[in-house]
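Have your viewer ready, with side chains switched on and a distance tool at hand. We will go from one selection to the next and look at what each holds.

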Amino acid sequence: MFPDTEEGIDKAIAKGAKIIWLNTVLYKGHPIEKYKDKGLKIVGQSTEAVDLFDNKVYTNNLLRSKGLPVLESKMISLDNHKELSKIATYPNVLKPIRGRGSEGVRVVENQKQFVETAEELINSGRFGDTIYTEDFLPGEEITITVLPPGTYVVQGEIRIQKTYWCFPALRRFNHINNVMPYNGVVAVTENSEVLQASLQSSQEVVDILKQCEKAASIINGHAPIRIDCRANKEGKYFIFDVNLKPNMTGASRSHRKEQDSLSSIAARLVPWGYRDLIVNVLGTRWEYV
């Protein structure tokens with residue numbers, strides 16, 4: 001483990017590191033950019049991709065323009081939030097444009113809550129001077145880990161995967177005020193489980209898995225990503241959040257049995273244990289040029 005600073009990267013390279021796993025928050029201008037064309041390999045996304053696709057409005061608009069099932073969204077500021085509250089359908093969801101987990105995500109039930117919550121989020125200064133709104137989806141919430149093309153080892157056999165592919169979907173439950181709590185507060189092992197087999201094979205889930213694979217292809221993901229989806233009242237799933245850096249923790253030590261990540265829970269059906277998952281993710285490394 002090394003700090004994600006120029007000094008930290010230099011120290012890792014001095015100790016012989018040829019592969020850098022970017023298990024950190026990336027942004028344009030991150031110190032790793034100084035090491036392009038230096039013969040390193042990377043596990044993770046490019047800083048340019050993260051800088052671009054962490055903008056949830058941009059990403060959702062792009063995916064929608066490519067025909068994927070993504071809800072329409074509207075930008076909210078202190079200049080227009082009262083007008084938007086009059087035309088919104090309720091319940092409604094207010095979200096930061098750039099956010100981590102469920103931080104700052106609020107479901108509002110009426111116009112008064114819309115106005116008050118928009119003002120609270122914007123005036124806090126934590127999420128910038130603009131947020132966005134979209135319709136609330138009342139159905140089942142699932143999360144899907146998508147992996148890039150590459151060479152993987154499954155049950156001792158090498159599998160060459162030429163296209164993006166998905167782990168089985170996980171069901172999310174125990175929401176708080178209709179929002180999944182941040183995993184730093186409530187461990188995902190307390191509110192997530194593998195979707196039962198009969199639902200995994202349902203047409204609705206099969207369809208959204210294909211759409212998630214397409215989404216990963218559109219953004220040219222270099223490493224595993226996690227996509228959150230939710231169904232409308234008719235049972236059709238929509239993509240509502242693309243996470244370029246999924247949590248990769250695992251219950252690998254006796255005092256961390258509750259610290260499985262969503263991806264490691266889903267990986268068990270491959271079947272991969274936590275060690276298998278990490279080794280196979282390491283296999284997604286790419287040349288940093």
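Begin with glutamate 120, which is partly exposed at a relative accessible area of 43%. Keep in mind along the way that this is a predicted model.

**Stop 1: from glutamate 120 to arginine 106**

Now add arginine 106 to the selection: it forms a salt bridge with glutamate 120, and the closest N and O atoms are 3.0 Å apart. Arginine 106 belongs to strand 5 (residues 106-108) and glutamate 120 to helix 5 (residues 111-123), so the pair ties together parts that lie 14 residues apart in sequence. Like its partner, arginine 106 is partly exposed; its relative accessible area is 32%.

**Stop 2: along helix 5**

Stay with the helix and select residues 111-123. How far apart are the end C-alpha atoms of helix 5? They are 18 Å apart, which agrees with the 18 Å that 13 residues should span at 1.5 Å a residue.

Next, colour the buried residues of helix 5: Phe114, Val115, Thr117, Ala118, Leu121 and Ile122. Which elements do these buried residues pack against? Show strand 3 (74-76), helix 4 (81-87), strand 4 (92-96), strand 5 and strand 6, and you have the packing partners in view.

Both ends of the helix deserve a stop too. At the start of helix 5, look for asparagine 110, where a side-chain oxygen comes to within 3.2 Å of the backbone nitrogen of lysine 112. Past the other end, pick glycine 125, which follows helix 5 and has a positive phi, near 80 degrees.

**Stop 3: more charged pairs**

Side chains of opposite charge can pair when their charged atoms come close. The model has 14 salt bridges in its count, and two more are worth a visit.

Select glutamate 140 and arginine 171, whose side chains meet in a salt bridge at 3.7 Å, N to O. This pair links distant parts of the chain, 31 residues apart: glutamate 140 sits in the loop between strand 6 (131-135) and strand 7 (141-147), while arginine 171 is in strand 11 (residues 170-172). Glutamate 140 is partly exposed at 27% relative accessible area, and arginine 171 is partly exposed at 23%. Add Glu193 to the selection, and you will see a network of salt bridges linking Glu140, Arg171 and Glu193.

Then move to aspartate 260 and arginine 268, another salt bridge, with an N to O distance of 1.8 Å. Is aspartate 260 buried or exposed? Aspartate 260 counts as buried, because its relative accessibility is 8% and the cut-off for buried is under 20%. Arginine 268, at 46%, counts as partly exposed.

**Stop 4: arginine 285 and its surroundings**

Jump to arginine 285, in the loop between helix 9 (274-282) and strand 15 (286-287). It is partly exposed, with a relative accessible area of 36%. Put your distance tool on the C-alpha atoms of arginine 285 and valine 43: they are 4.5 Å apart, although 242 residues separate them along the chain. Leaving aside neighbours within four places in sequence, arginine 285 is in contact with Ile19, Lys41, Ile42 and Val43. Its side chain also reaches the backbone oxygen of leucine 282, at 3.0 Å.

**Last stop: a nonpolar patch**

Two of these residues lead on to the final selection. Ile19 and Leu282, together with Trp21, make a nonpolar surface patch of about 220 Å². Tryptophan 21 lies in strand 1 (residues 19-21) and is partly exposed, at 32% relative accessible area.

Definitions and conventions: Residues are numbered from 1 along each chain as its sequence is written. This is a predicted model: local features need pLDDT of at least 70, side-chain atom pairs count only at pLDDT 80 or more; totals for chains, interfaces and linings use all residues. Side-chain values use heavy atoms; hydrogens and water are left out. Patches are made of residues with over 30% relative accessible area and no salt bridge: like charges are joined within 9 Å, nonpolar side chains (Val, Leu, Ile, Met, Phe, Trp, Tyr) within 5 Å. Accessible areas come from the Shrake-Rupley method with a 1.4 Å probe; for residues, only the protein chains shown count as cover. A salt bridge is a side-chain nitrogen of Lys or Arg within 4 Å of a carboxyl oxygen of Asp or Glu. Helices (H or I, at least four residues) and strands (E, at least two) are DSSP runs, numbered from the N terminus. Buried means under 20% relative accessible area, exposed over 50%, partly exposed in between (1.4 Å probe, protein chains only). The expected span of a helix is 1.5 Å times one less than its number of residues. Contact means heavy atoms within 4.5 Å. A polar contact is a pair of N or O atoms within 3.5 Å; within protein, one must be able to donate a hydrogen and the other to accept it, and residues adjacent in sequence count only if both atoms are side-chain atoms.
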